[in-house]
Amino acid sequence: MRKLAAGNWKMNGNAAALAELTALTEAHPAPACDMLICPPATLIAQAAWATKGTRLAIGGQDCHPKASGAHTGDISAAMLKDACASYVILGHSERRADHGETDELVLAKALAAVEAGLVPVVCLGETEAQRDAGQTLAVIGEQLAGSVPAGSTAATLVIAYEPVWAIGTGRTPTLDQIAEVHSFLRVSLMKQIGGEAAGVRLLYGGSVKPSNAAEIFAVGHVDGALVGGASLKAADFGAIVAAL
Ligand code: PEP
């Protein structure tokens, strides 16, 4: 399976920041893994244009479950596709927290994404309180069951395990903790979608940086990373790409 290094710029970046994408593609014209950057919606079309013909894919950070209509401020999956995005991050913990997104809504968005020809990157992960209470696998199992479309295949689904307490904090789980969750995800996904689960990329996300990327990528069933802060600079993200 080709691994995936995915970057989430969150609400960061302006037109000048597109120079980072050019620097990234120039430094990694033929990477050993797939590369994806999800800039804010305002930059998707420009980013896709700036990276046309390179090995860097561009994605959105959210989409609406409906194809069009009276939903002021929202963006449909078809619109992302029209702007030349090929992936969309869904159910990020910041959206679950800031916008009250439920598994049911994430599932509806994922179905809309696949219908529009986008690959959803479905995010899930436990809070620190849930981990301390020994609920990690139960929480993740519920999120997986509730937000992954039936009939997903290796080509139509990416999962990102992102412990909420590790996002933007500089803290990461132990390698054993990552291994436990990723094995659990693979087995649970097998039960949900069958043999296709073997090829679904399971990303780890949460304070991935150049200095810890290689050891995290060596963990079983870690098929790439979803990277926040360290995706903003071509040099940092490029070092993570090189570690995959
Ligand atoms: C993220 O935004 O998905 C993320 C993992 O952020 P960071 O890498 O900054 O922890």
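This report describes a predicted model, starting with its annotated sites and moving on to selected strands, a helix and a loop residue.

## Annotated binding site

The unreviewed UniProt entry lists Asn8, Trp9, Lys10, Gly168, Ser207, Gly228 and Gly229 under "binding site". Although these positions span 222 residues in sequence, no two of their C-alpha atoms are more than 14.0 Å apart, so they gather at one spot.

Two of the listed residues can be placed in detail. Ser207 sits in the loop that joins strand S7 (201-205) to helix H9 (210-217). Its surroundings hold 22 other C-beta atoms within 10 Å, and Ser207 is therefore buried. Not counting residues up to four places away in sequence, Ser207 touches Ala166, Thr169, Gly170, Arg171 and Thr172.

Gly228 belongs to the loop between strand S8 (224-227) and helix H10 (234-243). With 20 other C-beta atoms within 10 Å, Gly228 is buried; the cut-off for this class is 20 or more. Leaving out residues up to four places away in sequence, the contacts of Gly228 are Asn8, Lys10, Ile167 and Gly168. Asn8, Lys10 and Gly168 also appear in the "binding site" annotation of the UniProt entry.

There are 14 residues around the ligand, and those that come nearest are Ile167, Gly168, Gly205, Gly228 and Gly229. By class, the shell around the ligand divides into 5 nonpolar, 7 polar and 2 charged residues.

## Annotated active site

The "active site" annotation in the unreviewed UniProt entry covers His92 and Glu162. These two span 71 residues in sequence, yet their C-alpha atoms are not more than 8.4 Å apart, so they gather at one spot.

His92 is placed in the loop between strand S4 (87-90) and helix H4 (93-98). Apart from its neighbours within four places in sequence, His92 is in contact with Gln61 and Cys123. Glu162 is in the loop between strand S6 (158-161) and helix H8 (175-193). The contacts of Glu162, not counting residues up to four places away in sequence, are Ser93, Cys123, Gly125, Ile167, Gly205, Gly206 and Leu226. Cys123 is thus a contact of both His92 and Glu162. Two further contacts of Glu162, Ile167 and Gly205, are among the residues that come nearest to the ligand.

The table sets out the burial of the residues discussed so far, together with Gly13, which is taken up in the last section.

| Residue | Other C-beta atoms within 10 Å | Class |
|---|---|---|
| His92 | 28 | buried |
| Glu162 | 26 | buried |
| Ser207 | 22 | buried |
| Gly228 | 20 | buried |
| Gly13 | 19 | partly exposed |

## Strand S2 and its partners

In strand S2 (residues 34-38), 5 of the 5 residues are buried, so the strand is largely enclosed by the rest of the structure. In a regular strand, side chains alternate between the two faces of the sheet. Here one side of S2 carries Asp34, Leu36 and Cys38 and the other Met35 and Ile37, and all of these are buried, so that both faces are covered.

S2 pairs with strand S1 (residues 4-8) in the parallel sense over 5 bridges. Within this pairing, Leu4 has Asp34 of S2 as its bridge partner. Between S1 and S2 the chain passes through helix H1 (residues 18-27), and this β-α-β crossover is right-handed.

S2 also pairs with strand S3 (residues 56-60), in the parallel sense and over 3 bridges. There, the bridge partner of Met35 is Leu56 in S3. The chain runs from S2 through helix H2 (residues 44-50) to S3 in another β-α-β crossover, which is right-handed.

## Helix H10 and residue Gly13

Helix H10 is mostly covered, with 7 of its 10 residues buried. The buried ones are Ala234, Asp236, Phe237, Gly238, Ile240, Val241 and Ala243. They pack against S1, H1, S2, H9 and S8.

Gly13 is located in the loop between S1 and H1. Not counting residues up to four places away in sequence, Gly13 touches Pro39, Pro40 and Leu43. From C-alpha to C-alpha, Gly13 and Glu94 are 17 Å apart in space, with their positions 81 residues apart in sequence numbering.

Notes
Residues are numbered from 1 along each chain as its sequence is written. This is a predicted model: local features need pLDDT of at least 70, side-chain atom pairs count only at pLDDT 80 or more; totals for chains, interfaces and linings use all residues. UniProt positions are given in the numbering used here, feature names are shortened, and annotations may be inferred rather than shown by experiment. Helices (H or I, at least four residues) and strands (E, at least two) are DSSP runs, numbered from the N terminus. A residue is buried if 20 or more other C-beta atoms lie within 10 Å of its own, exposed if 12 or fewer, and partly exposed in between; C-beta atoms are placed from the backbone. Two residues are in contact if their C-beta atoms, placed from the backbone, lie within 7 Å. A residue is near a molecule or strand if its C-beta atom, placed from the backbone, lies within 6 Å of it. Ala, Val, Leu, Ile, Met, Phe, Trp, Tyr, Cys and Pro count as nonpolar, Asp, Glu, Lys and Arg as charged, and the others, Gly among them, as polar. Two strands pair if DSSP finds at least two bridges between them. A crossover is right-handed if, with the strands pointing away from the viewer, the path from the first strand over the helix to the second runs clockwise.
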